[in-house]
Amino acid sequence: MVLQDNKDTITLNNGTKIPVIGLGTWQSTGEGEPARNATKVALQNGYRHIDTAAIYGNETEVGQGIKDSGVKREEIFVTTKLWNGDHKISAEALDASLKKLDLDYVDLYLIHWPVSTNNATGKDFEDWDYVDTYKQLQKLYKETKKIKAIGVSNFTKKKLERLLSDPEVDVVPAVNQIEAHPLLPQPELYDYLKEKNIVIESYSPLGSTDAPLFKNETVAAIAKKNNVEPGHVLISWAVQRNTVVLPKSVTDARIISNLKTFKLPEEDFEALNNLSKTDGVKRWANPPWNNFDD
Ligand SMILES: NC(=O)c1ccc[n+]([C@@H]2O[C@H](COP(=O)([O-])OP(=O)(O)OC[C@H]3O[C@@H](n4cnc5c(N)ncnc54)[C@H](OP(=O)(O)O)[C@@H]3O)[C@@H](O)[C@H]2O)c1
């Protein structure tokens, strides 16, 4: 099978182009500032897309990695995310993120979760929710030059329907960043987002921490058959279903490897599309304060 560095882009609903493969940076923290090196290595080896978030605590290191790489700012697509406790102060939160990243703008700003938490009580606000937050982001998008596109993350179909039916919402989110891999293909949400021209960004494509999907028997067999690594199978599957995909690694060789994709033979693509029917649906990111049922 021919593996090639994937430098493709998808055009978002506002005309902005997003590179199909982005470096994930959740848990890229701790000793040695791993996000700084990971960002640099990724950019120097062909990536043009980095995914971070205020809550990851590594925006400063990502910004430094961008500088270290020597790649021009305008060639790079940078995403960061608004944390739950900052929903009422998104303008300030965005400025804080930009300051840490040492950037004038981000390419994509996401509502990280559809949850607006009152930091003082730890409970959700009663007079505010994600629709109010989205309207603030919409204003920042329209009135400042600090954001090239806005989107959401972890939104269900029901929540998007509610958001889009609000008369004051006139910017359709460019993306919905969701957990997606062969054990969580989310077919109904997938079809809905396609219909609305909202691009899916697949997070935890390898099954999150320690890449447990590498051990799935079908994934491993497809990798062996095609003479590639399980990571190539999982990342190529996400690409082949027209999603953006965000593999995370802090290991140089893995970062370089994860940019490579190939075209899965139809029968293997179909086997992965159907994997959750035989092996069961598995969601790794399911925090108790969020509700995926409505
Ligand atoms: N919006 C959200 O709520 C949300 C939630 C979760 C994730 N995300 C985004 O999506 C990104 C990816 O998801 P994730 O971090 O949960 O997990 P992931 O990318 O599915 O898996 C990361 C794990 O796989 C390992 N790995 C990476 N490449 C490998 C390879 N080629 N061979 C073997 N192991 C490999 C990594 O190890 P090493 O790092 O040690 O190499 C790490 O333990 C995040 O970093 C974040 O940017 C967003």
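**A parallel sheet, its helices and a ligand**

Let me begin inside the sheet, where strand β8 (residues 150-153) and strand β9 (residues 175-179) run parallel and are joined by two bridges. Two strands are said to pair if DSSP finds at least two bridges between them, and the helices (H or I, at least four residues) and strands (E, at least two) that I name are DSSP runs, numbered from the N terminus. Within this pair, Ser-153 stands opposite Gln-177 of β9.

Before going on, please keep in mind that this is a predicted model, in which local features need a pLDDT of at least 70 and side-chain atom pairs count only at pLDDT 80 or more, while totals for chains, interfaces and linings use all residues. Residues are numbered from 1 along each chain as its sequence is written, and side-chain values use heavy atoms, with hydrogens and water left out.

Now to the whole sheet, which is open, has eight strands with parallel pairing, and follows the order β4-β5-β6-β7-β8-β9-β10-β11. At its edges stand β4 (23-24) and β11 (244-245), and because each has a single partner strand, one side of each is left without a neighbour in the sheet. As general background, strands of a sheet pair through backbone hydrogen bonds, either parallel or antiparallel.

On the other side of β8, the parallel pairing with β7 runs over three bridges, and here Tyr-109 stands opposite Ile-150 in β8. If we look at β8 itself, Ile-150 and Val-152 point one way while Gly-151 and Ser-153 point the other way, and all are buried, where buried means under 20% relative accessible area, exposed means over 50%, and partly exposed lies in between (1.4 Å probe, protein chains only). In a regular strand, the side chains alternate between the two faces of the sheet.

Further along the sheet, β5 and β6 run parallel and are joined by three bridges, with His-49 opposite Phe-77 in β6. How many of the six residues of β6 are buried? Six of the six are, so β6 is largely enclosed by the rest of the structure.

Next come the helices. Helix α3 (residues 90-101) lies across β6 (77-82) and β7 (108-111), running at about 140° to β6; axes here are lines fitted to C-alpha atoms, for helices over the stretch in contact, and angles run from 0 to 180 degrees between N-to-C directions. Contact, a word I shall use again, means heavy atoms within 4.5 Å.

Helix α1 (residues 34-44) has several buried residues, among them Pro-34, Ala-38 and Leu-43, and its buried residues pack against β4, β5 (49-51), α2 (59-69) and α9. Just after α1, Gly-46 takes a positive phi of about 110°. In α2, the buried residues include Glu-59, Val-62 and Ile-66, and what covers the buried residues of α2 includes α1, β5, β6 and α3. Just after α2, Gly-70 takes a positive phi of about 80°.

Let us turn to single residues. Asn-258 is found in helix α9 (residues 252-258), and it counts as buried because its relative accessibility is 8%. Leaving aside neighbours within four places in sequence, Asn-258 is in contact with Ile-21, Tyr-47, Leu-206, Ile-235, Pro-247 and Ser-249. Is Lys-263, by its relative accessibility, buried or exposed? Lys-263 counts as exposed, at 59% relative accessibility, and its place is in the loop between β12 (260-261) and α10 (266-273). Leaving aside its neighbours within four places in sequence, Lys-263 is in contact with Met-1 and Gln-240.

Finally, the ligand. Of the 29 residues around the ligand, Asp-51, Ser-208, Lys-248, Ser-249 and Thr-251 come nearest, where a residue is near a molecule or strand if one of its heavy atoms lies within 4 Å of it. A polar backbone atom of Leu-206 is 2.8 Å from an oxygen atom of the ligand, a polar side-chain atom of Ser-249 lies 2.7 Å from an oxygen atom of the ligand, and for a polar side-chain atom of Thr-251 the distance to a ligand oxygen atom is 2.6 Å. Of the 900 Å² of accessible area that the ligand has on its own, the protein covers 90%; accessible areas come from the Shrake-Rupley method with a 1.4 Å probe, and for residues only the protein chains shown count as cover. Recall that two of these residues, Leu-206 and Ser-249, are among the contacts of Asn-258.

Conventions: A polar contact is a pair of N or O atoms within 3.5 Å; within protein, one must be able to donate a hydrogen and the other to accept it, and residues adjacent in sequence count only if both atoms are side-chain atoms.
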